[in-house]
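Reader: I'd like a close look at the inside of this one. Please pick a single enclosed part and walk me through it at an easy pace.

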Amino acid sequence: MGAIMQTSASPLMPIPGAIDPVPVRRAVTPREDGRVDLMGLSRMQIKSVFEEAGLDAKAAKLRSKQIFHWLYHRGETDFDAMTDLAKPMRGWMAERFVVGRPQVVEAQVSSDGTRKWLLRSDDGQDYEMVFIPDADRGTLCVSSQVGCTLNCSFCHTGTMRLVRNLTPGEIVGQVMLARDALGEWPKGSMASANDDEESDEASHYTSDGRMLTNIVMMGMGEPLYNFDHVRDALKVVMDGDGLALSKRRITLSTSGVIPMMARAGEEIGVNLAVSLHGVTKDVRDELVPLNRKFGIEELLAACAAYPGANNARRITFEYVMIKDKNDSDADARELVRLLRHYKLPAKVNLIPFNPWPGTDYECSTPERIRRFSDIVFEGGISAPVRTPRGRDIMAACGQLKSASEKKSKAEMRRLAEEKQAALG
Ligand code: SAH
Ligand code: SF4
């Protein structure tokens, strides 16, 4: 904790090691007005910042518990509304702390009900989040980075030049903002100890009927290249005293960062999705350049070792359907062979390729996708075809790229070459 509170240092620092080549902000980033943003902090971190601000250990512990509940269970951002704090304490908090939210630059709604938000951090970086409502669930697609260093050839996000890891506050902030927008914070007074005046809110308290039921780390960025912040953010999201989302309702998608997969299983424990997209070295090298570093066989072996994967909790393999690239009968049969060879408790999600301005790829035909799905299904593995959502507002898989980022084709090609060279 001490390290992240050194407010005198630069707010940006390089991540050590080869795996994280992008700048990362400190979890507790100093604001211009000197106050500390509590958003994204764990109960222990809140306790520490309260102690550093002058509360004794006992008071800091009590206040951190109360504040954690207000922040993440109630969605409150105004200390003055925290009715179980004595008035002077509320003032003391407001002088030193804030409860932030990402700034909304633009909010769009698709004809199919999908919603997309363009968000901006306080240092002017843009990123996006998407909410996908379904009959039985509502899924928030959360970003882990601004842009992505991996440059998969079919993904719009990979063409963004600027990349920065999002902080836990910016990751949790997306969930908070979605809840704000959906109007689904619990109403009424809460049961926790009142050490101050009586609450004047209605005594009825309810938190059911939620629209936001699931989270997928499938927005911008590679979550396993921002491991610590994604882990810390998801721990806050899963905490039973706060947002309380079950780990079974959270899915982390990776393009195959093998060295971090076991830790993801052990330290986060959410469902795993792996972006496979190709079954031969040549094709996967082209589609997911990280494959040159971490190949298919190694990746599948790491999946087989993923802690917590079993038939009740299968690993999802995402497979984008690209015309004449990876969609033949032979590809489908090879996919079945590989998944069986590694005895993987697997399901396959077939994602029709979502086009974006400047791409040379095309989506496979519906007949081809159906046939591919049938072959995988006949091989004993479920392979539903995903209906693209929010294509009209560029909110579908792989279409995210902040609106402020516009580059020429030549510039994008140069960037792709640079990134490929960096991967070696
Ligand atoms: N970086 C992570 C998570 C974000 S991408 C990953 O790659 O897994 C979420 C999913 O969308 C991935 O499976 C990705 O391969 C897929 N995707 C990317 N671009 C796409 C496109 N243009 N059409 C369809 N799916 C795409
Ligand atoms: Fe990055 Fe995932 Fe897009 Fe690849 S598919 S460029 S890993 S966001």
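**The largest cavity and its ligands**

Author: The largest cavity holds about 480 Å³ of space (volume being what probe spheres set on the grid points fill, with points joined across faces, edges and corners). A cavity here is a set of points on a 1 Å grid over the protein atoms alone where a 1.4 Å probe fits but can't get out, and lining residues have an atom within 4 Å of a point. Bear in mind that this is a predicted model, with local features needing pLDDT of at least 70 and side-chain atom pairs pLDDT 80 or more, while totals for chains, interfaces and linings use all residues. Residues count from 1 along each chain as written, chains are lettered from A and ligands numbered from 1 in written order, and side-chain values use heavy atoms, without hydrogens or water.

Start with the wall. The largest cavity has 29 lining residues, and F154, C155, M218, S275 and G398 are the ones nearest its centre. By class, the lining splits into 15 nonpolar, 12 polar and two charged residues (Asp, Glu, Lys and Arg are charged; Ala, Val, Leu, Ile, Met, Phe, Trp, Tyr, Cys and Pro nonpolar; the others, Gly among them, polar). Strand 12, strand 14 and strand 15 each put at least two residues into that lining (strands are DSSP E runs of at least two residues, numbered from the N terminus).

Now for what's inside. Ligand 1 sits in the largest cavity, meaning that more than half of its atoms lie within 2 Å of the grid points. Its shell has 21 residues, with F154, S253, S275, H277 and N354 the closest (a shell residue has a heavy atom within 4 Å). F154 and S275 turn up among the residues nearest the cavity centre too. The strands that each give at least two residues to the ligand 1 shell are strand 12 (250–254), strand 14 (315–321) and strand 15 (346–352). The shell is made up of 10 nonpolar, nine polar and two charged residues.

Some of those neighbours make polar contacts, that is, N or O pairs within 3.5 Å. At F154, a backbone N or O atom is 2.8 Å from a nitrogen of ligand 1. N354 also uses its backbone, with a polar atom 2.9 Å from a nitrogen of the ligand. H277 brings in its side chain, where a polar atom is 2.5 Å from an oxygen of ligand 1. On its own, ligand 1 has 530 Å² of accessible area, and the protein covers 95% of that (Shrake-Rupley, 1.4 Å probe).

Ligand 2 shares the address: the space it takes is the largest cavity as well. Around ligand 2 you'll find C148, L150, N151, C152, C155, G158, G221 and S255. That shell comes to four nonpolar, four polar and no charged residues. Notice C155, which is also one of the residues nearest the centre of the cavity.

What else is closed off in this model? The count comes to two cavities of 30 Å³ or more. The second largest has a volume of about 60 Å³, and its lining runs through G269, V270, N271, L272, Y306, P307, G308, A309, R313, R314 and I315. Six of those lining residues are nonpolar, three polar and two charged.

So much for the closed spaces. To sum up, the largest cavity is where ligand 1 sits, and ligand 2 takes up space in that cavity too.

Notes: A polar contact is a pair of N or O atoms within 3.5 Å; within protein, one must be able to donate a hydrogen and the other to accept it, and residues adjacent in sequence count only if both atoms are side-chain atoms. On a 1 Å grid over the protein atoms alone, a cavity is a set of points where a 1.4 Å probe fits but cannot get out, and a pocket is an open set with protein on both sides within 12 Å along at least five of seven lines; lining residues have an atom within 4 Å of a point. Helices (H or I, at least four residues) and strands (E, at least two) are DSSP runs, numbered from the N terminus.
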